[in-house]
Amino acid sequence: MTDISATSIPARKTGDAEFGDYFRLLKPRVMSLVVFTAFAGIVAAGGAHPVVALASLLCIAVGAGASGALNMWFDSDIDAAMSRTQDRPIPAGTVDRGEALSLGLGLSVLSVAMLALFANLLAAGLLAFTIFFYAVIYTMWLKRSTPQNIVIGGAAGAFPPMIGWAAVTGEVTTTSVLLFLVIFLWTPPHFWALALFRNADYARVGVPMLPVVAGEAATRKQIFIYTLILLPVAVAPAFTSAGGPIYLVVATWASLRFLSDARQVSNRVSGPDDAFGPEKRLFGTSIIYLFAVFGALIADALLRALIGPFGWPVWI
């Protein structure tokens, strides 16, 4: 693995850190997806008292932010050498690594403790495990040691709807596991699409992403395989107590569109000067896909609240 010296990180510009710099440590873009899928889990589970639901979402958001801060603390060496991440607060020199670590640990404890208080111990335990999995299992171990880093590490990003569900019901059910699996299977094609057009960055710092280790052709094939497996799993929640006709239509259409874009990526051969248009399009599609699928889950729940149960055949 390439040795990335800590000296590549500029000396801290004392006094330059602002609130925005600390907020960026929490990875707000990732946090928004976490909050949205957790909210979908809460609503699909039948909802909770507005105060409990809001407090639970806030705790989950803070836990996600804590994971992001710990990730940036540990990965500050490679972040400084990658064009996509070199302007993050630590490589930019506006936030000290020690501050990022303290912030991450403090928010981790706070978010888990408060979720246990506002919701229940199961939801808090799942949140604690999610933070540990992302910060330790994925960031400190898998990311730099195996091309399966995204496959296994993707579990961390798949827990939020399960945490939201547990915050309402105090249980882990078949439906919440299905919601977990939707994100778990979505993660590899989502990140491998990014890795294809950021391959040079990962190769430079020695992170064994699949395109770096197995090559582009193998990565394209795996993207299509995972998307193909995702399709029936993503449709399955429609036939649970949380699903409904809106979800069935949206999940089916969105999954077929996702599969079509994945097939285009799978079938093409790119050259050294390729602009990676289909890969970038697939990456964008994948983000819209997750919002669409979980948005449909929320829409069905709201429709049930307005007109009552659908009499929908629940198979799972």
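In the next few minutes I will go through helix 10, the loop after it, and one residue of helix 11. Please keep in mind that what we are looking at is a predicted model.

Let me begin with helix 10, which runs over 160–169. Eight of its 10 residues are buried, so this helix is largely enclosed by the rest of the structure. The buried residues are Pro160, Pro161, Met162, Ile163, Gly164, Trp165, Ala166 and Ala167. Following helix 10 there is glycine 170, and its phi is positive, near 75 degrees.

From there we come to valine 172, which sits in the loop between helix 10 and helix 11, the latter covering 174–197. Is valine 172 buried, exposed or partly exposed? Its relative accessibility is 42%, and because buried means under 20% and exposed means over 50%, valine 172 counts as partly exposed. Together with Leu122 and Val177, this valine makes a nonpolar surface patch of about 190 Å².

Now to helix 11 itself, where I would like to pick out threonine 187. In contrast to the partly exposed valine 172, threonine 187 has a relative accessibility of 5% and therefore counts as buried. Where does the side chain of threonine 187 reach? It reaches the backbone oxygen of isoleucine 183, at 2.7 Å. As for contacts elsewhere in the chain, if we leave aside the neighbours within four places in sequence, threonine 187 is in contact with Ile150 and Gly154.

Definitions and conventions: Residues numbered from 1 in each chain as written. Predicted model: local features only at pLDDT ≥ 70, side-chain atom pairs only at ≥ 80, totals over all residues. Heavy atoms only, no water. Patch = residues over 30% accessible without salt bridge, like charges linked within 9 Å, V, L, I, M, F, W, Y side chains within 5 Å. Areas by Shrake-Rupley, 256 points an atom, 1.4 Å probe, with all protein chains shown as cover. Salt bridge = Lys/Arg side-chain N within 4 Å of Asp/Glu carboxyl O. Helix = DSSP H or I, 4+ residues; strand = E, 2+ residues; numbered from the N terminus. Buried < 20%, exposed > 50% of the residue type's maximum accessible area, 1.4 Å probe, protein only. Polar contact = N/O pair within 3.5 Å; in protein donor to acceptor, adjacent residues only side chain to side chain. Contact = heavy atoms within 4.5 Å.
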